[in-house]
Structures are given as C-alpha cells and as structure tokens.
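Student: Got a minute to go through this one with me? I'd like to start with how the helices pack and then move on to the DNA.

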Amino acid sequence: MVSITLRKNQPFNLDLTLSCGQVFRWEKDGRIWRGVVGDSCISIQQRGRVLSFRGAKPEFISRYFQLDEDLPGILDSIDRDPVIHAAISRCMGLRIIRQPAWECLASYVIATYANIPGIKRRISKLCQCYGEPLPGPGIEIFSFPRAHSIAYQDPCRISECRLGYRAPYLLETATMIAGDPDWEERILELPYEDARKELLHLKGVGKKVADCVLLFAFGKKESFPVDVWIQRILETRYLGTKPPSAYDRCSRFGRDHFGEYAGYAQEYLFCDRAAITKNEMIGNQVPVSQPDR
DNA sequence: CACCAGGATGTTT
DNA sequence: AAACATCATGGT
C-alpha cells in the first residue's frame, strides 16, 4: 500500500473522476475502486487529501490522473458563465484521465450510440475474450486486448462481445492499428486539427470519437467532443434551437467560448448533465455572442 | 412496452 | 453542405 498526499491547492475527487464515464473499466467496491490500467491491476481509495493504492507506483498514478495539472488555474480559465460555474462547483475535483491510447480509441469506437452501463459490459466481455489474464489473487482479471489480438485471433469470438454493428468497425480499426505500430507517437506530435484528420481515417471513428480520443488519450485539452448530452446542453442553455445544430457548430462554439481548456469544460458539463438538463427553465439561457463563420 | 444511448456510415436531397 | 435512414443491443 502506497500513499500520495494531495497538496491543498490541488483539488481531486476520485469518485467523480472514475464514475463520470470517461473510463469504463473501474468498479467501486465499498470505498475502494478496482481497475486495470495497462498490465496493472490497481486498487485505490481516497480519504480527504490522501490517495492510497496498490498495483502501481506513485508516478504512474500521478500521471494517469494528471495530478500535476493546475486544476484551479484551468477551472478559472473556463469559468465564463453561470452554467459552467454551477457545473464546476458541483463537480469540483473532477480531472481528465490520461488514458492509454489504444484502449481509449477502441473503447470509444465501441461506445457509439450506447449508454454507459452497456458500454462497460461490452468492454468487460471484450477483455475476457481477447485480453490476457493478469497475475493476481482471486478471480481472473484480464488486460485490455492488444490491437493484434483482436485483429488476428479467433474472429468468431467477437460475437460474444455483443458489439452489434460496431464489431466490423472495431475489427478493421484494430487491423489498421496492429499494422501501424508508430501511430501513437505520430499523432502525439501533431497539433489538434492534423491529429484529428489522421484519426478520422479509421473505421468507426467520426468527429465525436476522434475528439474524445484526442482529449482523453492525447492531451489535446482544447478538444470539445459533442455527444447527444452536450448538444442538448448547448441548445437549451447556450445556443438555442434555431438551426439544427451541427457537430462543427457546437464543437467550435465550445472552443471559442471556453478557450484552450474547452475539453475540461466539456467534461464538467457532461458530468453535471443531469442537473443542467433537469430544470427546463426558459430564461436560464446564457447570453453568448456567436460568430457566424 | 416504448424510447433512448459519450454516433458513424452511406445515400439522398 | 445538410438531411435522412439504417445499423444491433441493452438500459431505463
């Protein structure tokens, strides 16, 4: 058991960070969260400013949860209207996790047009079918499968994972990635727009999935993914429902309105989506200037 | 039982 | 460019 003591000016909320739907392989067991990152089975709990964990070194934990990022500074920079202000205060301590790139990519290809419990179940099954058993006590725990395992191993078992129409997308993208070992380094070095174009070549990767991968795996914090919830929030609280709001309009608005850390704003809005969309009070809309491009 | 979900793709206007 | 149908599955 190892511990990290968070600095006073470094807010962190483990529960929100692991439960808000950015990662899909963590389960809470009492006070303890258990999950797999890379080849490590990790258990971790938070008591106030103390993080206690097994299965990983402090540096690994710190990088995974991005504890070195200046969260107060980031939140201050995106705190530009009453809606995001309320979300920030309700979700204080939520951090964006630095995910392994392939796991993030594959997960969000699978995640399209499904709800979070269903996504978690499918990913769990995918790990059972194609992952490798990890050393540990008790029940068998599997790593997230490598791309070449999914691409070249028992394609019949894919049906067990109940991916539906996403299965061929995952198989094709896994094949592409398995044959392109340098893809992660290459994309990492590209700026947001260019990296996005690269990802969009992959099957099952559209704008939203690409933006999620850029935000959650490649550290592009200006990325502003727009799913149905974010679109709903923008329509009801920011942009109104005038034109059928296209993806590009919403995403560009997010980056223009919230700035270089728009991705954090997106994640706080998503985390607070239930509260934001509950009161359908008209007149609660944020007055914003919309540059029409 | 309806309706929806961290959408992408291919086709038609 | 924008609207549309379609896709498979499970949650609520």
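Tutor: Sure. Keep in mind that this is a predicted model. Start with helix 5, residues 101-110, which packs on helix 11 at an angle of about 150 degrees, the two axes lying 9 Å apart.

Student: Why is helix 5 called roughly antiparallel to helix 11?

Tutor: Because the angle is about 150 degrees, and anything over 145 counts as roughly antiparallel, helix 5 gets that label relative to helix 11.

Student: And is the crossing of helix 5 and helix 11 left-handed or right-handed?

Tutor: Helix 5 and helix 11 cross in a right-handed way.

Student: Which residues make the contact?

Tutor: Helix 5 brings Cys 104, Leu 105, Tyr 108 and Val 109. From helix 11 you get Lys 208, Val 209, Cys 212, Val 213 and Phe 216.

Student: How do the residues of that contact divide into nonpolar, polar and charged?

Tutor: Between helix 5 and helix 11 there are eight nonpolar residues, one charged and no polar.

Student: OK, switching to the DNA. How many residues surround strand B, and which are the closest?

Tutor: DNA strand B has 28 residues around it, with Gly 21, Asn 115, Trp 229, Arg 232 and Gln 266 the closest. On the DNA side, sugar and phosphate make up 59% of the strand B atoms that come within 4 Å of the protein.

Student: Which helices each supply at least two residues of that surface?

Tutor: Helix 11 (207-216), helix 12 (228-239) and helix 14 (262-271).

Student: Back to helix 11 then. What do Lys 208 and Val 209 do at the strand?

Tutor: Lys 208 has a polar side-chain atom 3.2 Å from a base nitrogen of DNA strand B. With Val 209, a polar backbone atom sits 2.8 Å from a phosphate oxygen of the strand. Ile 116 also has a polar backbone atom 2.8 Å from a phosphate oxygen of strand B.

Student: What's the make-up of the whole surface near strand B?

Tutor: It has 15 nonpolar residues, seven polar and six charged.

Student: Last one: at what angle do helix 12 and helix 14 pack?

Tutor: About 90 degrees, with their axes 10 Å apart, so helix 12 and helix 14 are roughly perpendicular. Trp 229, Ile 230, Ile 233 and Tyr 238 of helix 12 meet Gln 266, Leu 269 and Phe 270 of helix 14. That contact between helix 12 and helix 14 has six nonpolar residues, one polar and no charged.

Key:
Residues numbered from 1 in each chain as written. Chains lettered and ligands numbered in written order. Predicted model: local features only at pLDDT ≥ 70, side-chain atom pairs only at ≥ 80, totals over all residues. Heavy atoms only, no water. Near = heavy atom within 4 Å. Polar contact = N/O pair within 3.5 Å; in protein donor to acceptor, adjacent residues only side chain to side chain. Helix = DSSP H or I, 4+ residues; strand = E, 2+ residues; numbered from the N terminus. Nonpolar A, V, L, I, M, F, W, Y, C, P; charged D, E, K, R; others polar. Axes fitted to C-alpha atoms, helices over the stretch in contact; angles between N-to-C directions. Parallel < 35°, antiparallel > 145°, perpendicular 65-115°, else oblique. Left-handed = near helix turned anticlockwise from the far one by under 90°. Contact = heavy atoms within 4.5 Å.
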